[in-house]
There are 2 protein chains.
Amino acid sequence: MSFAMQKQASTRPLLWKLDSIVSLSDEEKRALLDLPMTIKVFDPDSDIVRDGDRPSECCLVLSGFVCRYKVLSDGRRQIMGFYIPGDIPDLQSLHLNVMDHSIGTLVTSSIALIPHESLRNLLTQHPGLAAAFWRDTLIDAAMFREWMIGMGRRSAYQRIAHLLCELRVRLKAVGLAGEGGYDLPVTQNELGDALGLSTVHVNRVLQDLRSEGLIVLRGGSLHIPDWEALQVAGDFDPTYLHLRR
Amino acid sequence: MSFAMQKQASTRPLLWKLDSIVSLSDEEKRALLDLPMTIKVFDPDSDIVRDGDRPSECCLVLSGFVCRYKVLSDGRRQIMGFYIPGDIPDLQSLHLNVMDHSIGTLVTSSIALIPHESLRNLLTQHPGLAAAFWRDTLIDAAMFREWMIGMGRRSAYQRIAHLLCELRVRLKAVGLAGEGGYDLPVTQNELGDALGLSTVHVNRVLQDLRSEGLIVLRGGSLHIPDWEALQVAGDFDPTYLHLRR
DNA sequence: CGAAGGCTTGATAGACCTCAAACACAGTGG
DNA sequence: CCACTGTGTTTGAGGTCTATCAAGCCTTCG
């Protein structure tokens with residue numbers, strides 16, 4: 001594959017993603033395609049950006065599965081979000097110099113690194129894109145809020161169901177989930193770190209969800225027999241994702 | 001007080017707040033002072049913006065104490081943040097049309113309502129201010145993340161101490177907290193809703209904090225005898241607030 | 001085939017919740 | 001001036017959700 005073709009294929013997830021939350025003009029799409037970027041493949045469980053770093057580039061997920069997390073002083077970990085192809089999890093570093101958490105891969109992932117300078121130029125020349133990216137960070141914040149609600153007020157059962165719903169909707173928006181389900185390359189331990197639960201408890205609740213026929217999960221592949229029922233179980237309402245359709 | 005003077009006094013908290021997170025030019029400050037706004041006083045426990053609304057203006061807190069919250073389907077409430085003079089809690093409505101939560105007062109509060117249109121004009125004419133406001137929403141998101149960490153991985157004891165630390169730092173940044181402490185017009189019930197705890201448990205933990213000499217709290221007034229110790233108790237590190245100094 | 005990582009299960013413990021009631025205090029009205 | 005009311009705080013008792021510890025199992029992979 002030629003470099004140009006590779007680049008075009010690379011940027012596609014981002015176009016799909018932005019297209020799911022804003023409407024872009026052809027000119028804006030072209031400008032996005034012209035962004036300079038370096039593509040890098042990361043092994044599973046490796047950091048892309050670390051707590052305390054002062055990044056000079058943003059990372060765009062092209063393939064794989066990435067998470068935002070922080071390790072506490074006592075060594076325990078809190079995962080604060082999962083990121084999928086098309087997402088730019090550290091867009092905030094454009095305006096917040098110091099990272100107050102880390103971003104790392106869950107599985108082998110290919111990541112495009114885009115210099116801050118290029119992004120800044122792009123945004124000053126295309127106010128519509130600036131609005132789009134700002135909106136993207138605001139939706140990120142809305143997801144944080146929804147996770148807060150979950151950890152503050154929802155049971156483990158609801159929380160897990162809710163997360164599985166959120167991932168379905170987001171993956172579907174970028175064409176990575178079919179009607180029936182999607183690939184979920186996340187261990188039960190990682191689910192626990194994301195939801196504020198122990199691995200053991202995650203395992204037990206997953207079994208509950210399975211025995212009630214809400215999910216079929218094996219080998220990193222999730223099947224959802226009854227989408228409506230799972231949404232009810234998770235008290236899930238996709239409004240907070242602010243998708244266009 | 002003349003209208004002009006009133007307006008100038010009104011915008012001051014905003015200037016202080018923005019000044020604590022970015023550096024503003026004199027021209028930008030002048031432009032902020034020229035923002036048209038309507039000032040309105042809200043009773044305690046009343047909504048400023050409601051879940052589902054499509055606001056056409058943003059609200060700037062001038063005095064009082066405001067919170068961001070959502071009521072779940074079972075009637076329980078999760079408070080997702082406290083907002084103090086100088087904050088614009090629904091800045092996000094500039095780019096997210098539908099509110100996915102509510103914003104309401106805790107005590108009598110005076111609020112300036114600024115039309116979206118005026119803000120949008122301001123931001124296109126002053127890119128520096130656009131960056132400043134974007135940064136403000138990113139810091140908001142950083143606070144959400146920190147609360148997530150608390151609810152996911154910290155004990156009730158740590159969570160309460162952490163919240164008291166956060167409020168001290170933020171209030172201090174706008175000149176509303178002295179060395180020793182600050183006014184905390186928040187009931188134990190509201191603290192519970194914010195931290196994902198029951199009122200009863202909040203009460204018991206507050207007593208623990210008191211008996212260990214970490215806080216002196218009575219009648220809505222908080223005194224912190226040992227700032228260092230409270231930070232340790234709450235595992236508090238102000239980095240996530242991204243203050244300039 | 002052994003090692004490693006992830007999944008599953010059992011037993012026990014603890015943090016926090018719920019229910020229920022008493023107490024304190026400020027504001028209101030007679 | 002004093003009951004009366006309402007809101008917020010405090011205390012007690014019991015229950016439950018979830019964590020922790022510990023071990024066994026299964027699959028994958030070198």
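In the predicted model, a search of the whole structure identifies 30 salt bridges over all chains. One of these joins the side chains of A:R170 and A:D87, with a separation of 2.9 Å from N to O. The pair links distant parts of the chain, since A:R170 belongs to helix α5 (residues 156-173) of chain A, whereas A:D87 lies in the loop between β5 and β6 of chain A, 83 residues apart. Both partners are shielded from solvent: A:R170 counts as buried at 10% relative accessibility, and A:D87 is buried with a relative accessible area of 5%. Each of these values falls under the 20% limit that is applied to buried residues. The interaction is part of a wider arrangement, in which A:K17, A:D87, A:D136, A:E166 and A:R170 are linked in a network of salt bridges.

In chain B, a salt bridge is formed between the side chains of B:D136 and B:K17 (3.1 Å, N to O). Because B:D136 lies in helix α4 (residues 127-153) of chain B and B:K17 in helix α1 (residues 3-21) of chain B, the pair ties together parts that are 119 residues apart in sequence. B:D136 is buried, with a relative accessible area of 10%, and B:K17 is likewise buried, with a value of 11%. Helix α1 of chain B also contains B:D19, which forms a salt bridge with B:R244, the closest N and O atoms being 3.5 Å apart. B:R244 is located in the segment after α8 (227-233) of chain B, and the two residues are 225 residues apart. In this pair B:D19 is partly exposed, with a relative accessible area of 25%, and B:R244 is also partly exposed, with a relative accessible area of 42%.

The loop between β5 and β6 (102-105) of chain A also holds A:I84. At 2% relative accessibility, A:I84 counts as buried. Leaving aside residues up to four places away in sequence, A:I84 touches A:V61, A:F65, A:R170, A:L171 and A:V174. A:R170, the salt-bridge partner of A:D87, is thus one of the residues in contact with A:I84. By contrast, A:I84 and A:E212 are separated by 128 residues in sequence and by 28 Å in space, C-alpha to C-alpha.

Aromatic rings were examined next. A pair of aromatic rings is described by the distance of the centres and the angle of the planes. The count comes to nine aromatic pairs over all chains. For A:F65 and A:F82, the ring centres are 6.0 Å apart and the planes meet at 55°, so the pair is tilted. This pair, too, links distant parts of the chain: A:F65 is placed in the loop between β3 (57-63) and β4 of chain A and A:F82 in strand β5 of chain A, 17 residues apart. A:F65 and A:F82 are both buried. In the pair formed by A:F236 and A:Y240, the centres are 6.1 Å apart and the planes stand at 85°, so the arrangement is edge-to-face. A:F236 is buried, with a relative accessible area of 8%, as is A:Y240, with a relative accessible area of 1%. Ring pairs further link A:F65, A:F82 and A:W147 into a cluster.

The association of the two chains was then considered. The size of an interface is often given as the accessible area lost when the parts come together. Between chain A and chain B the buried area is about 4100 Å², and carbon and sulfur atoms give 67% of this area. In chain A, the residues that lose the most area to chain B are A:W134, A:M148 and A:R153, together 23% of what that side buries. The contact takes 43 residues from chain A and 43 residues from chain B.

Polar and charged interactions also cross this interface. Six salt bridges are found between chain A and chain B, among them one between B:R145 and A:D100, whose closest N and O atoms are 3.2 Å apart. In addition, 22 residue pairs are in polar contact across the interface. On the side of chain A that touches chain B, β4 (66-71), β5 (77-83), α4 (127-153) and α6 (188-195) each supply at least two residues. Helix α4 of chain A gives the most, with 19 residues. The residues of this side divide into 21 nonpolar, 10 polar and 12 charged.

How values were computed:
Residues are numbered from 1 along each chain as its sequence is written. Chains are lettered from A and ligands numbered from 1 in the order in which they are written. This is a predicted model: local features need pLDDT of at least 70, side-chain atom pairs count only at pLDDT 80 or more; totals for chains, interfaces and linings use all residues. Side-chain values use heavy atoms; hydrogens and water are left out. Contact means heavy atoms within 4.5 Å. Buried area is the accessible area (1.4 Å probe) that two parts lose on being put together, summed over both. A salt bridge is a side-chain nitrogen of Lys or Arg within 4 Å of a carboxyl oxygen of Asp or Glu. A polar contact is a pair of N or O atoms within 3.5 Å; within protein, one must be able to donate a hydrogen and the other to accept it, and residues adjacent in sequence count only if both atoms are side-chain atoms. Helices (H or I, at least four residues) and strands (E, at least two) are DSSP runs, numbered from the N terminus. Ala, Val, Leu, Ile, Met, Phe, Trp, Tyr, Cys and Pro count as nonpolar, Asp, Glu, Lys and Arg as charged, and the others, Gly among them, as polar. Buried means under 20% relative accessible area, exposed over 50%, partly exposed in between (1.4 Å probe, protein chains only). Rings of Phe, Tyr and Trp (its six-membered ring) pair if their centres lie within 6.5 Å; planes under 30 degrees apart count as stacked, over 60 as edge-to-face and the rest as tilted.
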